[in-house]
Structures are given as structure tokens and as C-alpha cells.
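Biologist: Could you walk me through this model, chain by chain, and give the cut-offs as you go?

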4 protein chains.
Amino acid sequence: MWLRVGCTLEMSFQVESPMLLLLRPRSDAHQWVAQDRYAVFPGMPIIEYTDMYGNLWQRLTAPPGHFKVEVRSDVQVPATLEQAPGAPFVLIQDLPDQALMYLTPSRYCDSDRLGRLAGEIVAGCIPGYDQVEAITRWTHEHLGYLTDSDPAPISALEAIERRNGVCRDFSHVGIALCRSLSIPARYVVGYLNQLEPMDLHAWFEAFVGGQWYSFDPTRARPDAGRVRLGYGRDAADVPVFNQFGPLVLPSRMEVSVEQITVPIGETPS
Amino acid sequence: MWLRVGCTLEMSFQVESPMLLLLRPRSDAHQWVAQDRYAVFPGMPIIEYTDMYGNLWQRLTAPPGHFKVEVRSDVQVPATLEQAPGAPFVLIQDLPDQALMYLTPSRYCDSDRLGRLAGEIVAGCIPGYDQVEAITRWTHEHLGYLTDSDPAPISALEAIERRNGVCRDFSHVGIALCRSLSIPARYVVGYLNQLEPMDLHAWFEAFVGGQWYSFDPTRARPDAGRVRLGYGRDAADVPVFNQFGPLVLPSRMEVSVEQITVPIGETPS
Amino acid sequence: MWLRVGCTLEMSFQVESPMLLLLRPRSDAHQWVAQDRYAVFPGMPIIEYTDMYGNLWQRLTAPPGHFKVEVRSDVQVPATLEQAPGAPFVLIQDLPDQALMYLTPSRYCDSDRLGRLAGEIVAGCIPGYDQVEAITRWTHEHLGYLTDSDPAPISALEAIERRNGVCRDFSHVGIALCRSLSIPARYVVGYLNQLEPMDLHAWFEAFVGGQWYSFDPTRARPDAGRVRLGYGRDAADVPVFNQFGPLVLPSRMEVSVEQITVPIGETPS
Amino acid sequence: MWLRVGCTLEMSFQVESPMLLLLRPRSDAHQWVAQDRYAVFPGMPIIEYTDMYGNLWQRLTAPPGHFKVEVRSDVQVPATLEQAPGAPFVLIQDLPDQALMYLTPSRYCDSDRLGRLAGEIVAGCIPGYDQVEAITRWTHEHLGYLTDSDPAPISALEAIERRNGVCRDFSHVGIALCRSLSIPARYVVGYLNQLEPMDLHAWFEAFVGGQWYSFDPTRARPDAGRVRLGYGRDAADVPVFNQFGPLVLPSRMEVSVEQITVPIGETPS
């Protein structure tokens, strides 16, 4: 399926403000970017670089005054979310090297304190995919969704105690519980089709049965239509906009996802 | 300056044909891609990967029948080509690790056989930028430009003996002569504004005075307006389309470069 | 100066136990490993891989029973610790790409909660090296050193509240305070000559004035004689032994550092 | 099996001479380095770096006068060389990204000119391993081994015409023939147990049946006991010593390989 995703961000800076943006989807095994457009106003030099997770960042220094970034991409993604009930737990010694870094605790995924709880949640499950699914379901049921506010990020343990959160917190809880069982789990930020209300979204992936599978504890069902912007150990790694200097909140942040039939605006000549 | 660059390629395959394409410009220190569009017909799965030079490749398997790829990008590039007469030779021990691989001979840059000639060409030059400039000028004057044919690639030494070639050969000669003097040199393939007749182009970069500078032995003057598609040790590393299986020549290959004022087609909302 | 460093670790496993070890020093800009020896008992297959920080890990699966690893290296390191009072703060936009990941909070360095405290500590300092030095001194004075116990790791904020810790916690506090001021800071684990009592040690590096400098809040003075085993965002990234499965504490852990004059045991033939 | 390998190299320099050395074996999937020792005389700063093939290089600048480097390693390697008759050709579209760079021609492997010959050599073979074996056998039989001289490197095509060469040339011929059939092939330099006369050796690996297999056209039989120093597209990528400046030949080059039973000189304490 083809999705046209877009994000517009506006801010007003008092002083020159260096920024790191993570707003350009990149083609990978899950998605193919057939067209994109990345505009900043006013015009200014932008440099792109790839971080150690493979994410593509835009570095720029916004001058004082009004700042706007507008990004739009046409992306092909799978029409269904891959599922694999029964896919087995992968022994540590059999994990690919690149998955190992997703086993350790991170800023908001304090897996080192959740081993007992995780054990209770997955009791009776076949080790692997089914455990992650149980964790996802538990998280979905345990946490209430905060619609009206976007509080500062908290750790998985704090979110579990508070019993509510936003998609970011749901994902941190799922990830931390997986890691406490030695299942590699990573944070994903991106777009989700038909999200209500529309916004950027976060979910997670777990490595079981020899590959990464997506899980979304915020959602009741494993819906497809996902465009990835970045991967990390948790939200600290992948802020879609990371602004340095005096804190400035966006005056406008608009996200759109639209299913399209023809990926490219023009008919081929 | 903003350039709208485009390439259309059409072929007819008798059998399923795996291909590697190097047709998507990537943002880097020299260029910012504000918009791009990459379309293949018929639609088929495409995977992108980055090679060890940092080039972005598209992998696909074209089905039998008509195949077409159409790429277009709006790219911001410097309005003048950076020059640095007098920039010094960098001692081997002071070269960055990443430049070292551009010192050794490669398929078409047989620098191991050109030391004496290079010494004659640069006699009397200040070591560094001025040597590369002398090499570039010598190459431009020594080789005749082949307009009507595109022969199979030959090595720098062969091109020097044959005394003519296309932009690819001019670049190989320049690179091989530089390397024989222990100046790192790399091959660049991309677009050049106002090239006559319009086509994809090749030039080279040499590392002197602490950074990479562009040199173009095909051209009489160091003209700007360059969009890079890829870097390599020579043309063997960066075929813009690499087709496996029975040889099929493109039935149509169309390249365009147009200077534009407004990078993005639409006015921002 | 030449140091002969060594570490011996013994454990008893009830079950087959996959492990990740970070015990082989690697040559880099700070140190040259002239000789090393890495022995495990009983013999078993070992695979080495490099993680995204550039650390060299040994992967193995220990069989049930007695396990022993014994590592020894002769390493050349600088005789004095480089210092640079007055070295300036590097603007975010001027940081190298690779330093950016050391700006964000991590598991034990909750820099997102320490901005105000950091501001107080560095009040009046020239931005850059002098700020890091003030943070290092403040940490050294604020925290008591725990000699008799090695508690579970806690975050920088928790350590500040508890007012004591081990070298790991001192480093986390220093790192978190630096990051809250937008100074990249990373955790280092390794050996320190003449440490009393001898053990593996942790300190940190901060990026100011265009390069990384070492700071050690555990120590009263900036002493030299340091051999690095690994770098990370905090201790969660670089456990020198990471054992999976039922928790087993080492029955013996012995660390040695000895200054030597002749790096190589034998006279060259 | 455990091998103790060693290399001693002596040279006399008139002037300060920057060098790149590739003399430290590194642990990987094929070998485990349990102990090593790397000594240079006189003592001088050495920096190690990893190139794009994963090779570990030592960079140094030798002062005028006598220079000596002495390296010794104890390495565990498989006791038999893995073989896989019948292992199938891997379709281009199924090759891992990292294998693709070993398909293109390189300095001494002019595969672009050997397609017809390769086709004749492998006529009737099952595509894949058996083709590479036929190429290896053909190369072994077609080329005479030059024992008394070490001529300047020549290309595969030149070696085929000359009908003789050293291990380097045998490998180039094997590699070039494989690549002309779209089989990824890479050059390996290292040690071979019981080589007569003892010296550094070169062979190649081809990617068939989903993994890399070793082939050695210089040898009549696929003997084991191989320690790798480096991988590349051909000999141009992996000179074990790469000396810049006025050419100086080693006054002494001594290579040793010895099978040992106890990997570590000392009994563990």
C-alpha cells in the first residue's frame, strides 16, 4: 500500500538555534520511499548524517525569527503487519551482533528493575513471540491513554506505577519488559495510518524467531500502514526534533497520513 | 544554486534481470537534496543499501519485458567550484584513515605504472593542489574527446597511449597520475550543468591541503553546477546501472539538468 | 609509559551460560597494545565483534562448571593526562556527527533532570573545559566513596541524592551534569595505574575545545596511567562481563596494573 | 588446531618513511587470536585503524636508519578446510549487500575480459561451488609456479598469457574468472601451515551456497592451517607492508608457522 505522509512544524526562535531533525523517512527492508520533499523556511544550509542506528538526521542552525519545516513523502509499505505466533525465543548466543545492544537498559527502559513483573506477565507463554504479545496486551490493558497532555518522558517503571501515558510510554513499557527477559527490543518512531487524532506515533520491535517483528501496545489491534522515521533504544535516541538552547515549543505541528493509489504525482512521460 | 536533475532509462529484458542502480543523489557536504522522485515501471520491490564508499544503491529484479526507471531531484549545490592554488601536499602520515584507500591502484587507474610520467608533468610545481592542476591541464590537452562513441572502459595507461577517450577515461588518467604521486584521488559520477551534449558525467577529486577538491580534466574551465551520484576508486565501482545477465543496452537514456529558482514545485501551505 | 595490565575472572556455572566480555584492550589514539594474551578455561569457541561505539567484545558460551578467563596486555599510554584549561565550549552546530549521541540522556545519566544544578555548579566558569573541571571537582567533593560495597547501579540523580557511590556513580554524575549543559560526555571503563585498592575503574571524557579530554571525579588529582577497555553512554553499555541466565557472581576477580620498562617479555631475536 | 605464526621484517631507510602495515591477525569467524605480540624497533608511535574491508592496519613513520618489525601470534583455526561440492550459485538478487563489491573488476582482476574463457573452463559444471573448483583446478594446471623470482604484480589476463606466476597471480586468475561468472570472489593474504618454502601466502574465497569458501589455486590439495591477515578485492588492497617514499626492499623478511599444542606460553596461574 502507498501512503503519503507529511509533517509540518513551525516555531519562533529568539536566538540562533541549532537543531537536529529526524523527519526524512529512508528506504529500508520495510518501506520504499518513491518521492520526498523536504523544505525549510527561511532557506538555510542543511547537512544530513547517519547515526549509529542507521537513522538519517538533518542538522541545521535556524536563525532568529519564524522557522518552518515541511516534509512530505510517498512511501510503499506492507498492507498487513507481519505476525508470527509461536516464533521462538532466540538464544543469546545465536543473536546477531547488531541485536545485542537492544538487550541493555536505556534511559527510559529500566529493564534492570522489571524482571519479576515480566516473569508474571508471560507465565505460561511459549518463549518468544507469544511472550512479546502477552507483554503488549498487558501494557495495553494496564495503562490508560493520556489524550490531553504530553507530559515529560518518564521511565517504564514510572509509567507502570502511574498507570497511564502516551504512545511513547506504552512503547517504553513494552520494550523494558522484553529486555528483562533477554528479548532484544527497540523503539520506533514514525507515522501510522488512520491514527486518531493524527500525530507522530511510537511503537516497538522485538527480535524473535530470527527477525524483528512490530508490536504496538497503544493499539488494540496490530494495524498496518506504518512509515518509520527512526529506530533507537528508546525515545531519548530519536527525538524527531531536537532543539538546543532556550526551550521553544512548536507553535504548530501538523501531521498527515493519507492512503494514495498513484505514488507519483505525475504520470510518467 | 538550485539544479533540477533527471535521468530516464529504458530497456527491454528477455529474462528476469537483477540490477543495481546508482541513480538517487544523496545529501552530503556538497549538496542538499530538497526533493526527489524515483519511479520504476512496472512497479516492483526495490531495496536500498549503502556501500563502503557511502553510495546509495537501489537493488531490484526487473521482470521480462519493458523496463523504465525515471529519477528526478532538486538539489542545492555551490554556485562556484572551490579552488585552492598553493594548497599543500598532505604527508602520508597526516592523511585521514579514510583517504588512504584512494592511494592504491584500481581497475582502470594503473597508477603503479605512471610514476615517471607524473613526475615529468608536475616538474616545478609546488607539491599539492598545483600538481593536481597541472595533471588536469595536461590530461585535458593530451587526450582528444570522443564524441561519437562510448568504447569499453580502458585503463589510464591505455587511454594515454590511445590519446583519446570519454569523460570516464579523462578522469581515470587524472586519478592515476595523482595516485602515482601519493595524492589520494577518487572518481565521481554525477550531473554537470550545461554539459554539451547533456549526459551523465565523470570527474575526480583529489585530497590536498586537508580536504577534497574537484578537478575535471574533460573541461577547459573548472565550472560549477555539479550533482554527485557516487564516489569510487574508478568507474568499476560506480556503474550507474549495473545489469546482470545477458547484456542489454538501454533503448533510451535521457539526462537533464536545469537551473531552477524555486526548489520546491509547490508553494508551502 | 608502559603498563602491564591484567584481569582474571573465575565463576562457577550450573548451566550453559552465554557471555559477552569486554576484556581485550584495543589500540587507539590513546594507547598502543604491543602484546596481549587472552585465555579461557576450559577451551571453547570465542567470536569477537565490534559494537557501534567501536568496542571489541568477546562472545562465548561457557559450559556448566568452573569458568576462568585470564587476560593480560602490555600497553603504551601517555605519561601525563592531557589538560586544557580554557578550552572552549563547542557549539552544537560545530560538533562532529559522532559526538552528538553523547548529548542525550542515557540509562544512568538522567541529564534531562539536572540542568538547574549544573547551572549552579558552573556559575562563573568559562564555558567549556573549565565547566567540566568544576563539575568534576563538585562531584568529587559532593559524593562519599563507598569502599566496602558495590551496590546495584543507580542514576546520577539518585547518586546525588544518596551522596555516595563507587567510581561508576561518580562518572555518571559527571557525565549527566555535562550533558545537561550540552557538552558531549562519555563513560570509559578501564585500568588505572596505582589505584588503591586495585580494581577495574571508570571515569569519563568530555568533548571541549575540539577533542575529548579525560576527567575522573573519583580521584583528587588528574593522574595518568590509564588503559581503556571500552566507551559508552554509561555503565549499561560497557559491562566488562555480561552474563545471561541465572545470576552468578564471580568467585574471584583479580585486577593488576604494573608499570614495566620493557614492553615485550622476550628480547627480539 | 593451534598455529604460532610470525613475521619479521627488516629494512634500512635513508629518510623518514611513513608505512602502512597489515601484520596483526584479527579474530573473526575463521580464527581466534589467543595471544599476540607486535614489536617495532626502534620504538615509535603506532596507530591502528580498520579499513572498509575490516582489515586492521598499523600506521607509523619510521625514522631514518634500521627498522625492524616483529610480529608473532598464537591463533586457533579449523583443522580441515571446509568444502561443499554442489553448493549452488547464489542469484545476484539474493546476495548479501556486502558481497556485491566483490563482483566488479579490480586492479589485477580484469574479470571484464575473461567471460568467454571462464565459460569454457566451467562448461558442464553445476553452477556454484563446482564451477569455482573447476576454475581453481584449471588455474593450478595452467600456470607454472615461479619459485625464484617475485615479479611486479600483473593482471589475471596477463598472468594467463604469461602462463606462470606466484601465489598472488594464481589467486588473481581464480578471482577474475569467478567474477566474470557473477560469483563474488575476494583475495586473502595470510599464513599457510607447512608451505614450502615458508613465506606469506595468498589465496581466495568465493561466495557460493550462502557463504564464503576458501580456494587455493597454488596448491594441489585444499590444505588447512590458514591464518588470515587481510581481505581485499586483489593484492592492491592488502599489501602487508606499504612503504611510501623512495623504494626500499626489505633486507630480511622471515616468516614462520609452527603447529603448537598449548596456545599460551605460560601455564595459567
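Modeller: To fix the vocabulary, two residues are in contact if their C-beta atoms, placed from the backbone, lie within 7 Å. This is a predicted model, in which local features need pLDDT of at least 70 and side-chain atom pairs count only at pLDDT 80 or more, while totals for chains, interfaces and linings use all residues. Residues are numbered from 1 along each chain as its sequence is written, and chains are lettered from A and ligands numbered from 1 in the order in which they are written.

Biologist: OK, how many residues of chain C are in contact with chain A?

Modeller: On chain C 21 residues take part, and they meet 21 residues of chain A. The chain C side consists of 11 nonpolar, five polar and five charged residues, where Ala, Val, Leu, Ile, Met, Phe, Trp, Tyr, Cys and Pro count as nonpolar, Asp, Glu, Lys and Arg as charged, and the others, Gly among them, as polar.

Biologist: And which strands form the open sheet in chain C?

Modeller: The order is β4-β5-β2-β13, with antiparallel pairing; strands are DSSP runs of E with at least two residues, helices are runs of H or I with at least four, both numbered from the N terminus, and two strands pair if DSSP finds at least two bridges between them. Because β4 (47–50) and β13 (241–243) of chain C are at the edges with a single partner strand each, one side of each has no neighbour in the sheet.

Biologist: What joins β4(C) to β5(C)?

Modeller: Four bridges join β4(C) to the antiparallel strand β5 (residues 56–62) of chain C. Within that pairing C:E48 is opposite C:Q58, and C:Y49 is opposite C:W57. The two strands make a hairpin with five residues between them, and C:G54 in the turn has a positive phi of about 90°.

Biologist: Switching to chain B, which residues of α2(B) are buried?

Modeller: They are B:Y129, B:Q131, B:V132, B:E133, B:I135, B:T136, B:W138 and B:T139, where buried means that 20 or more other C-beta atoms, placed from the backbone, lie within 10 Å of the residue's own (exposed is 12 or fewer, partly exposed in between).

Biologist: What do those pack against?

Modeller: The buried residues of α2(B) pack against α1 (115–121), α4 (167–180), β10 (201–208) and β11 (211–215) of chain B.

Biologist: Last one, how can chain D be laid on chain C?

Modeller: A turn of 180° with a shift of 0.0 Å along the axis does it, at an RMSD of 0.0 Å, after least-squares superposition on the C-alpha atoms of residues with pLDDT of at least 70 in both copies. That is the relation of a two-fold axis.
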